[in-house]
Structures are given as C-alpha cells and as structure tokens.
Amino acid sequence: MKDSLFLEYLNEHFEYKYDKNEYGKRDAWYVMKHVPYHGDCEDYSLTYLWNVCGKSYLKMFFSLIFGKSKICFCRVRGEGHAVLRHNGEYLDNIQKKWCSKKYLEDRGYEFHDQWFWWNVVAVKLLQGWYYAKRQRIEDS
C-alpha cells in the first residue's frame with residue numbers, strides 16, 4: 001500500500017539537511033517524527049516507510065527483511081544517494097514521487113547491485129539515535 005496523502009504531507013514539510021551540518025556527523029539515519037522534517041535522502045525514505053507501515057518499527061523491519069521494501073544505494077551526479085524501493089517502485093527526496101527504476105536511470109541514477117540489508121538499516125538507525133541523544137545532552 002502506498003499512502004499518497006502522507007507522501008504529499010512529507011514533501012510539503014521536508015527540508016533537505018546534510019547530516020554533517022545538522023548533527024556534526026557524516027552519516028546518521030533517522031525516522032523523522034515531527035515537522036518540520038529535516039533530514040537527507042535515507043531519512044526521507046525511512047520516514048515514508050515507517051509511516052506507511054503504521055508507524056511501527058516492527059512492520060517496517062518485516063517489510064525490509066522479507067523484501068517488500070529495500071533501501072537502495074545509488075549515485076546521482078557522482079554523489080552517494082539512498083532510494084526507497086517499495087512494492088517494485090522507487091521513491092526519493094529528489095523526485096518526490098513514485099517512479100520506475102528506468103525513469104531514475106534515465107535521469108542519471110546509477111544503482112549499485114546491492115542494497116542496504118535490514119540489519120545495516122537497524123545499526124544505522126541506532127547510530128542516529130545515539131548521535132541525536134548525545135547532541136541533546138551536549139546542547140543542555
């Protein structure tokens with residue numbers, strides 16, 4: 001199931017921020033839960049997936065484990081990028097709409113043969129949680 005209303009809401013409230021500028025870290029992954037949404041490509045993808053999975057990490061990880069969804073790695077104009085593949089279609093913070101893989105490749109996306117496995121997503125989310133928690137303590 002794809003939630004076009006949430007996608008519209010996400011697009012309206014999403015502002016791209018580099019992790020390094022936002023958290024002082026090179027790569028930190030988050031599920032954005034409060035507007036305004038500030039994040040980068042994987043945060044956008046994971047936030048959409050978490051919401052479409054009923055705001056449930058368990059359902060989100062089942063979707064990743066059993067292949068309904070994947071976080072795909074690619075390059076766009078030489079830069080690393082993450083794209084959500086869900087039910088055979090692709091979504092990212094650049095296009096901000098559901099696309100075919102061919103549509104993205106025609107626009108210069110170079111997909112890596114592999115994707116981020118569910119366990120890598122889990123570790124990166126835990127790292128992001130730790131960085132955010134540490135940042136809040138340091139800001140206090």
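## A guided tour, starting at helix H1

Welcome! Begin with the covering around helix H1: strand E1 (14-16), strand E2 (37-39), helix H3 and strand E5 are among the elements that cover its buried residues. Keep in mind as you look around that this is a predicted model.

**Stop 1: helix H1.** Select residues 4-13 to bring up H1, then highlight Phe6, Leu7, Leu10 and Asn11, which are buried. Why do these residues sit on the same side of H1? They span an arc of only 135 degrees around the axis, and that places them on one side of the helix. Now turn the helix around and pick out Leu5, Glu8 and Glu12: on this other side, they are exposed. Before moving on, zoom in on the start of H1, where a side-chain oxygen of aspartate 3 comes to within 3.1 Å of the backbone nitrogen of leucine 5.

**Stop 2: the sheet.** Next, select the strands E5, E4, E3 and E6. In that order, they make up an open sheet of 4 strands with antiparallel pairing. At the edges you will find strand E5 (89-91) and strand E6 (109-116), each of which pairs on one side only. Look along the sheet to see the twist, which averages 40 degrees from one strand to the next.

For a closer view, select strand E4 (residues 79-86) together with E5: these two are joined by 3 bridges in the antiparallel sense. Which residue of E5 is the bridge partner of arginine 85? Click on tyrosine 90 and you have found that partner.

**Stop 3: helix H3 on the sheet.** Add residues 41-52 to your selection. This is helix H3, which packs on the sheet and touches strand E3 (69-76), E4 and E5. Compare its direction with that of E4: the angle is about 15 degrees. You have met H3 before, as part of what covers the buried residues of H1.

**Stop 4: the salt bridges.** How many salt bridges does a search of the whole structure find? There are 2 to visit.

- Select glutamate 15 and lysine 17, whose closest N and O atoms are 3.7 Å apart in their salt bridge. Glutamate 15 is partly exposed, with 39% relative accessibility, and lysine 17 is also partly exposed, at 25%.
- Then go to helix H5 (residues 101-106), where lysine 102 and aspartate 106 lie 4 residues apart, about one turn of the helix. Their salt bridge has its closest N and O atoms 3.0 Å apart. Lysine 102 counts as exposed at 52% relative accessibility, and aspartate 106 counts as exposed at 51%.

Notes. Residues are numbered from 1 along each chain as its sequence is written. This is a predicted model: local features need pLDDT of at least 70, side-chain atom pairs count only at pLDDT 80 or more; totals for chains, interfaces and linings use all residues. Side-chain values use heavy atoms; hydrogens and water are left out. Two strands pair if DSSP finds at least two bridges between them. Axes are lines fitted to C-alpha atoms, for helices over the stretch in contact, and angles run from 0 to 180 degrees between N-to-C directions. Contact means heavy atoms within 4.5 Å. Buried means under 20% relative accessible area, exposed over 50%, partly exposed in between (1.4 Å probe, protein chains only). The arc is that of the directions from the helix axis to the C-beta atoms. A polar contact is a pair of N or O atoms within 3.5 Å; within protein, one must be able to donate a hydrogen and the other to accept it, and residues adjacent in sequence count only if both atoms are side-chain atoms. A salt bridge is a side-chain nitrogen of Lys or Arg within 4 Å of a carboxyl oxygen of Asp or Glu.
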